[in-house]
Structures are given as C-alpha cells and as structure tokens.
Amino acid sequence: MKTYLERILPLKWLDSFFYDDINLSSFTTYSIGGKPLGVFILKNHIDYIKLLNKLNTKLPYRIIGKGSNLLINDERVEFFILTGKYRSIYFFEDEKVIRVFTTPFTELQYFIRKLISKGIGGYEELAAIPASVGGAVFNNAGAKNVEISMYLKKVTFFDRIKKTVRTIEVDKSFFSYRNSFFKEECFNKGFYIDFLSFVFEFPKSNLSNPDLLKAKYDEVWKKRMITQPLNEKSCGSVFKNLP
Ligand SMILES: Cc1cc2nc3c(=O)[nH]c(=O)nc-3n(C[C@H](O)[C@H](O)[C@H](O)COP(=O)(O)OP(=O)(O)OC[C@H]3O[C@@H](n4cnc5c(N)ncnc54)[C@H](O)[C@@H]3O)c2cc1C
C-alpha cells in the first residue's frame, strides 16, 4: 500500500530522509507538537532546493530550524515539515570587508565558532542561543546589544507566492527587536518565504585574536548555562528585555 506521499511524489531523486510516523515533539525544545503529514530531514542543499521545487505546487509544508521558538499543537499537524542537517559556510575577502555565505540550517553556534576561528568578532554575545541561522534571522535573535541582523547583508529565499527565487539586500529597516520583515510577512500573508542562503559582511575592523574572541564566547556561554540550561525542555525566555 503506497503512502500518501508516495502517491504524490516520486521520492527516488531524494538522497535525504523522510518519516511519515514521527511526532514533532522530537524537533522542538519544548518537546511539544503532534504528528505532521511527514518530516523531511534534508542531508544537503541540493535536496532542499529540489524538494522546494516539488512541494511548492503540491503539498502544504513548513520549515523548522532548531525548533527553539515554536509552539506546535499536540494534535495532528496538517502539513509536512522540512528541516536540514547540513552546514555550509564560505568566506570571501576584499580589501575592506569579509563576506560570509551560509545556508539556513547551519547551526548558529557552529556559524559563530567558525567566524571566531577566522578571527571575525561580533557575535560572541549570541553564545549558546539554540538556533539555526535561518531561525535566528527570522526572529532577529539577539542578546545584550547584539542582534543577528547587525552584519547581515543579503537574504536569498524562495518566494512561494511568486514562485521565484529572490535575493534582497537588507538593512536596519528590515529588523526590530526579535522581529524581522520576513516574520511579519509570514504572519500577515501566510508562510511563503523559504530561506535559501545568507550573506553576512564584516568590516575588517572586526578582526581580532581568535583566542580572545573564543574566551569571550566561552564566558557568555558559561553564564547562560546557569540561567538557561540547554538540556532542559524550554523555549527560552518568554519575557521581552526592553530594547
Ligand atoms: C534555552 C533557550 C534560550 C534562548 N535564548 C534566546 C536569546 O537569548 N535570544 C533570542 O533572541 N532568542 C532566544 N531563544 C529563542 C530561539 O532560540 C530563537 O528565537 C531562535 O532564533 C529560533 O531559531 P530556530 O532555528 O530554533 O527556529 P525555529 O524555532 O525552528 O523556527 C522559528 C521560525 O523560523 C522559521 N524558519 C526557520 N528556518 C527557516 C527557513 N529555512 N526558511 C524559512 N523560515 C524558517 C520557522 O518557520 C519558524 O516560523 C532561546 C530559546 C531557548 C530554548
């Protein structure tokens, strides 16, 4: 007997994993969420793009990153879920700036540690925030006076409404406290923005000794572990810090 999905999609072209019998509670830090129509766990960016192409016209779906900012119904969830287990980061440099290209399922902490290893400072205050880069951009994740949007320059996404890939240059006007243009758009018009990649741009003045940056990052991490232990079920702080 073929599953619903097999009847709709030929899955042979996909190298990633698909589960049609799994609860979303395994994918959220709150450990809540019922059974969706199915979950795709993507192994690489090519599968992600191929799948977006197929799903767009045929099936309802939502994308999740680390699931650390989601409250999902414990009943049956009437859409498919896409999430990714791959990372990509590339560095480009000219005489003034360092540009960093990354993809949305890259874990925020992996991203920051890679920057630090290259001596690129700026995001140490975001140590231990459990996020994917995509989820962090969606929410404009931040701590103290640092927000992910600070060094973000370009966002490339699949626009489900226009059925096209778009790249936009972003600036401060796209973001506010724990909020973004992308989040507003999705809440107002329905989920139609699927992040594909990001370009961050750091001035060379951000370059510093990697050991010093790492020491600062570790210190922030330690402080957070005392107030927000990552191994406990949580969706983080539900209070807004005044901007
Ligand atoms: C212990 C703990 C501590 C926290 N501390 C902080 C903190 O200090 N500061 C802070 O700002 N937040 C904090 N948070 C909240 C949370 O980590 C952030 O909101 C984070 O940005 C969520 O990222 P995520 O990858 O988990 O997103 P998810 O929760 O998986 O998704 C959030 C939204 O982003 C969308 N999204 C994700 N990926 C994509 C994609 N590829 N394309 C399109 N849309 C996408 C989803 O559809 C969803 O609507 C904390 C949470 C926990 C559990």
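Visitor: How many bridges join strand 9 to strand 13, and do they run parallel or antiparallel?

Guide: Look at the pairing first. In this predicted model, strand 9 (residues 152-159) and strand 13 (residues 193-203) are joined by 7 bridges. They run antiparallel. For a point of reference, find Phe158: opposite it, in strand 13, stands Asp194.

Visitor: Which helix packs on the sheet there, touching strand 9, strand 10 and strand 13?

Guide: That is helix 5, residues 181-189. Its direction makes about 165 degrees with that of strand 13.

Visitor: What is the strand order in the open sheet of 5 strands?

Guide: Read the order across the sheet, not along the chain. Here it is 5-6-13-9-10, with antiparallel pairing. Strand 5 (89-93) and strand 10 (164-169) are the edge strands, and each pairs on one side only. From one strand to the next, the twist averages 15 degrees.

Visitor: Where does helix 3 lie?

Guide: Helix 3 (residues 108-117) lies across strand 5, strand 6 (97-102) and strand 13. Its angle to strand 5 is about 35 degrees.

Visitor: Which residues of helix 3 are buried?

Guide: Start with the general idea. An α-helix has 3.6 residues a turn, so residues three or four places apart point the same way. Now the case. The buried residues of helix 3 are Leu108, Gln109, Phe111, Ile112, Leu115 and Ile116. Seen down the helix axis, they fall within an arc of 160 degrees, so they line one face of helix 3.

Visitor: What do the buried residues of helix 3 pack against?

Guide: Three strands and two helices appear in the list: strand 5, strand 6, strand 13, helix 4 (133-139) and helix 6 (210-227).

Visitor: What follows helix 3?

Guide: Gly119 does, with a positive phi near 80 degrees.

Visitor: Which residue in the loop between strand 9 and strand 10 should I look at for its phi?

Guide: The general idea is a matter of sign. Most residues other than glycine have a negative phi. Lys163 has a positive one, near 55 degrees. Lys163 sits in the loop between strand 9 and strand 10.

Visitor: Is Lys163 buried or exposed?

Guide: Lys163 is exposed, at 52% relative accessible area. The cut-off for that class is over 50%.

Visitor: What is the phi of Arg178, and where is Arg178 found?

Guide: Phi of Arg178 is positive, near 50 degrees. Arg178 belongs to the loop between strand 11 (175-176) and strand 12 (179-180). With a relative accessibility of 23%, Arg178 counts as partly exposed.

Visitor: What order and pairing does the open sheet of 4 strands have?

Guide: Use the same reading as before: order, then edges, then twist. The order is 1-2-4-3, and the pairing is mixed. At the edges stand strand 1 (17-19) and strand 3 (61-63); each has a single partner strand, so one side of each is left without a neighbour in the sheet. On average, neighbouring strands of this sheet are turned by 20 degrees against each other, direction ignored.

Visitor: How do strand 2 and strand 4 run, parallel or antiparallel?

Guide: Strand 2 (residues 36-42) and strand 4 (residues 77-84) run parallel, joined by 6 bridges. One pair to find is Pro36 and its bridge partner in strand 4, Val77.

Visitor: What does the secondary structure of the protein chain come to?

Guide: It comes to 6 helices and 13 strands. Of the chain's 243 residues, 47% count as buried. Its accessible surface is about 13,200 Å², with 53% belonging to carbon and sulfur atoms.

How values were computed:
Residues numbered from 1 in each chain as written. Predicted model: local features only at pLDDT ≥ 70, side-chain atom pairs only at ≥ 80, totals over all residues. Heavy atoms only, no water. Pairing = 2+ DSSP bridges. Axes fitted to C-alpha atoms, helices over the stretch in contact; angles between N-to-C directions. Contact = heavy atoms within 4.5 Å. Buried < 20%, exposed > 50% of the residue type's maximum accessible area, 1.4 Å probe, protein only. Areas by Shrake-Rupley, 256 points an atom, 1.4 Å probe, with all protein chains shown as cover. Arc of directions from axis to C-beta.
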